[in-house]
Amino acid sequence: MATMESLIVTVNRIQRACTVLGDHGGDSALPTLWEALPSVVVVGGQSSGKSSVLESIVGRDFLPRGSGIVTRRPLVLQLHKTEQGVQEYGEFLHLPKKKFTDFAMVRKEIQDETDRVTGKSKQISPVPIHLSIYSPNVVNLTLIDLPGLTKVAVEGQPESIVNDIESMVRSYVEKPNCIILAITPANQDIATSDAMKLSREVDPTGERTFGVLTKLDLMDKGTNAVDVLEGRAYPLQHPWVGIVNRSQADINKNVDMIAARRREREFFATSPDYGHLASKMGSEYLAKLLSKHLESVIRARLPGITSLINKSIDELEAELSHLGRPVAVDAGAQLYTILELCRAFDRIFKEHLDGGRPGGDRIYGVFDHQLPAALRKLPFDRHLSLQNIRKVVSEADGYQPHLIAPEQGYRRLIDGALNYFRGPAEASVDAVHFLLKELVRRSIAETQELKRFPTLQAEIAGAANEALERFREDSKKTTLRLVDMESSYLTVDFFRKLPQEVEKSGNPTSLSADRYAEGHFRRIGSNVSSYVGMVSDTLRNTIPKAVVYCQVREAKQSLLDHFYTQVGKKEGKQLAQLLDEDPALMERRQQCAKRLELYKSARDEIDSVSWAR
């Protein structure tokens, strides 16, 4: 059967491991393992005797003392019971492997570590100090000491200190797995107890609250706290425990805890008021009571804790899978990894082009909207105005006017008009180039495997963009050649119709006489406009073909070909540089791996003590 100690030792060990890994808060949607594990939080007003209670439970003087706010940071205190004869020592999380056997030095380190964060002022900080104490004179227990509740800010403190302390204390005691140890001095009216007021608010049923009365020996003569301790004056679900702290004179005389515990037992055993409760009073009884209750809470929470651990393991394994395995060290494996990452990027890039992912449709938009719109906006009206036609035709005739049809005039007008097509052709190439670059950027961002390797990301982006530049130059040359081909060889059949129209008119003299009339130039403009329109229709179809062939098709087939060649020539050190991971991701993977190891170890330990019951 699993003992009480084995369960609490397991939880203590898991809590400490969680603390080492920083697993006491984070970005997970699940509550952390630390929050799921029960712990005892000590709450009380200033000078209520909190420190004395803790020292009595531990059996050592180790807490700073003084007036005002002495505890200015949470102290997470883990007690580990050792075998008899083993030397007692303390160990701080921020000073791992350094054992403090002198508890006066433990007190000094708590004070110094507090000052390191808050300064030598009376400020407070929510950053906890973690201390483990190993001793044969303690029970296995985790206690959290918090700054004492106060009602008034003293000199050197901001006015907000009262609310700041209460908010800090609430952040601990509101958690459903928190056991509240509410400390109240017996020489104070229980109705005004800050600790009981707060615990009643966060735990109205009293299910999580243990009431502790301190300073019973300091009550006025003729008065006692029997009604409270027997649960009549202020009933709780758990029994009240009375404590007799060491007096200031005892502290000044360095009366040790063994003697103090003996005096406490004698006080209750010989007291006429409390003698009948003596077996259930004192710091030793309180420690055992808390340890026993903690064990029962842990047992009750085991199914939920196990479920949380299993969910967290699934979450961490999924994240590790997403982050990927550590990079191999040999050159062959590194080259294989690089090529696999390139193929992953290339696959996503092709999905964008082929329609599996958005973006490729915008290339079609260039051909279906942008190019036709650009063709319609070409300034043919100005080029084929009567004034410009007359000027071009007259200059083409030279000193001898044309006889029938001004062929040189036609050619010059057509050449000038077709030259306008170069602009939309180049614009289509550039527009597609811009969209391909954007798809490269998006594809790199969407290749999850590449997120680990910023250097390789940059190299792939650079290689892809260099390839796109080459494809753009080829595409631009090809599309401009299409325009130049239209200029270099006119469609003959179209112009053969013009002399036939002259013959049909049956009056060449009339036409010759009309060659400088407005109607003559209008016919020339109309003929040229018709021819240019025919060429425009042709280029509207052939420019997209050229662009797709030279840019889109090449991007799909050979975007990284040159990069593959260059990578194949690299040596091991250069390959390793390409796979130089983002330090933040490396750190994240290490943290996930450590947390996964912790959670699996925690599951195994909890399973072992659960099955042993």
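**Helix packing and sheet order in a predicted model**

Student: α11 and α16 are oblique to each other. At what angle do helix α11 and helix α16 pack?

Tutor: This is a predicted model, in which local features need pLDDT of at least 70, side-chain atom pairs count only at pLDDT 80 or more, and totals for chains, interfaces and linings use all residues. Residues are numbered from 1 along each chain as its sequence is written, and side-chain values use heavy atoms, with hydrogens and water left out. Angles under 35 degrees count as roughly parallel, over 145 as roughly antiparallel, 65 to 115 as roughly perpendicular and the rest as oblique; axes are lines fitted to C-alpha atoms, for helices over the stretch in contact, with angles from 0 to 180 degrees between N-to-C directions. Helix α11 (residues 331-354) and helix α16 (residues 422-446) have axes 9 Å apart, and the angle is about 130°.

Student: Which residues of α16 are met by α11?

Tutor: Contact means heavy atoms within 4.5 Å. By class, the α11 and α16 contact has eight nonpolar, two polar and two charged residues (Ala, Val, Leu, Ile, Met, Phe, Trp, Tyr, Cys and Pro count as nonpolar, Asp, Glu, Lys and Arg as charged, and the others, Gly among them, as polar). From α11 come Phe 345, Ile 348, Phe 349, His 352 and Leu 353, and in α16 they meet Leu 436, Leu 439, Val 440, Arg 442, Ser 443, Ile 444 and Glu 446.

Student: How many strands does the open sheet have, and in what order?

Tutor: Helices (H or I, at least four residues) and strands (E, at least two) are DSSP runs, numbered from the N terminus. Two strands pair if DSSP finds at least two bridges between them. β3 and β8 (241-242) stand at the edges with a single partner strand each, so each has one side without a neighbour in the sheet. Pairing is mixed, and the sheet has eight strands in the order β3-β4-β2-β5-β1-β6-β7-β8.

Student: Which strand runs parallel to β4, and which residue of β4 is the bridge partner of Gln 78?

Tutor: Strand β3 (residues 89-92) pairs with β4 in the antiparallel sense over four bridges, with Gly 90 opposite Ile 133. The parallel partner, joined to β4 by seven bridges, is strand β2 (residues 75-81). Leu 77 stands opposite Leu 131 in β4, and the bridge partner of Gln 78 is Ser 132.

Student: How many residues of strand β4 are buried?

Tutor: Buried means under 20% relative accessible area, exposed over 50%, partly exposed in between (1.4 Å probe, protein chains only). One side of β4 has Ile 129, Leu 131, Ile 133 and Ser 135, the other has His 130, Ser 132 and Tyr 134, and both faces are covered. Strand β4 (residues 129-135) is largely enclosed by the rest of the structure because the buried count is seven of the seven.

Student: What is the relative accessible area of Asp 115?

Tutor: Asp 115 lies in helix α4 (residues 103-118), which lies across β2, β3 and β4 and runs at about 170° to β4. Leaving aside neighbours within four places in sequence, Asp 115 is in contact with Arg 72 and Lys 120. Asp 115 is buried, and its relative accessible area is 14%.

Student: How far apart in space are Gln 574 and Ala 331?

Tutor: Gln 574 is in helix α22 (residues 572-578). Gln 574 is partly exposed, with a relative accessible area of 36%. In sequence Gln 574 and Ala 331 are 243 residues apart, whereas C-alpha to C-alpha the distance is 9.3 Å.
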